[in-house]
Amino acid sequence: MNQQLKRLHKHKSSLLRVLERPEIPIHTNGSGNDLREHVKRRKVSGGTRSDLGRQCRDTFSSLRKTCQKQNLSFWAFLNDRLSLKNTIPLLGDLVMKGTRTTTTY
């Protein structure tokens, strides 16, 4: 027990580093959840027929997940980009701000 306490005390600063950034989750469940949907679809469909199809699927899946995390309608985002209106901010800008959108576009 004493050895464990000494080890914890020795690594105290790195173990408590998470308290400096409380917005970052301690676990990786979010990453696993993001991949789970992709794996289920791949099992059902058997994958894609080409590298271009895989790239397209992965891109749209990533865009949809990012929109979902930002409380943004994926279809509204696609319509905004395809119509060239560009009223919705860039997804990268929304992610970097760290705030979720509350406005429904």
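**Briefing: a chain of helices**

Ser73 sits in the loop that links helix H4 (51-69) to helix H5 (74-82). The model is predicted. Its chain has six helices and zero strands. Start with Ser73, then look at the chain, then at the largest pocket.

**Ser73 and its loop**
- Ser73 has a relative accessible area of 36%. Partly exposed covers the range between 20% and 50%, so Ser73 counts as partly exposed.
- The side chain of Ser73 has a polar atom 3.1 Å from the backbone nitrogen of Ala76.
- On either side of this loop stand helix H4 (51-69) and helix H5 (74-82).

**The chain as a whole**
- Read from the N terminus, the elements follow the order α-α-α-α-α-α.
- The chain holds 105 residues, and 14% of them count as buried.
- About 9100 Å² of the chain is exposed. Carbon and sulfur atoms supply 56% of that area.
- Take the contacts between residues at least 6 apart in sequence: 39% of these join residues at least 24 apart.

**The largest pocket**
- Rolling a probe the size of a water molecule over the atoms reveals where empty space remains.
- The largest pocket contains about 180 Å³ of space.
- Its lining is formed by Arg21, Glu23, Ile24 and Pro25.
- By class, the lining of the largest pocket splits into two nonpolar and two charged residues, with no polar ones.

Terms used: Residues numbered from 1 in each chain as written. Predicted model: local features only at pLDDT ≥ 70, side-chain atom pairs only at ≥ 80, totals over all residues. Heavy atoms only, no water. 1 Å grid on protein atoms, 1.4 Å probe; cavity = no way out; pocket = protein on both sides within 12 Å on 5 of 7 lines; lining within 4 Å. Points joined across faces, edges and corners; volume = space filled by probe spheres on them. Nonpolar A, V, L, I, M, F, W, Y, C, P; charged D, E, K, R; others polar. Helix = DSSP H or I, 4+ residues; strand = E, 2+ residues; numbered from the N terminus. Buried < 20%, exposed > 50% of the residue type's maximum accessible area, 1.4 Å probe, protein only. Polar contact = N/O pair within 3.5 Å; in protein donor to acceptor, adjacent residues only side chain to side chain. Contact = heavy atoms within 4.5 Å. Areas by Shrake-Rupley, 256 points an atom, 1.4 Å probe, with all protein chains shown as cover.
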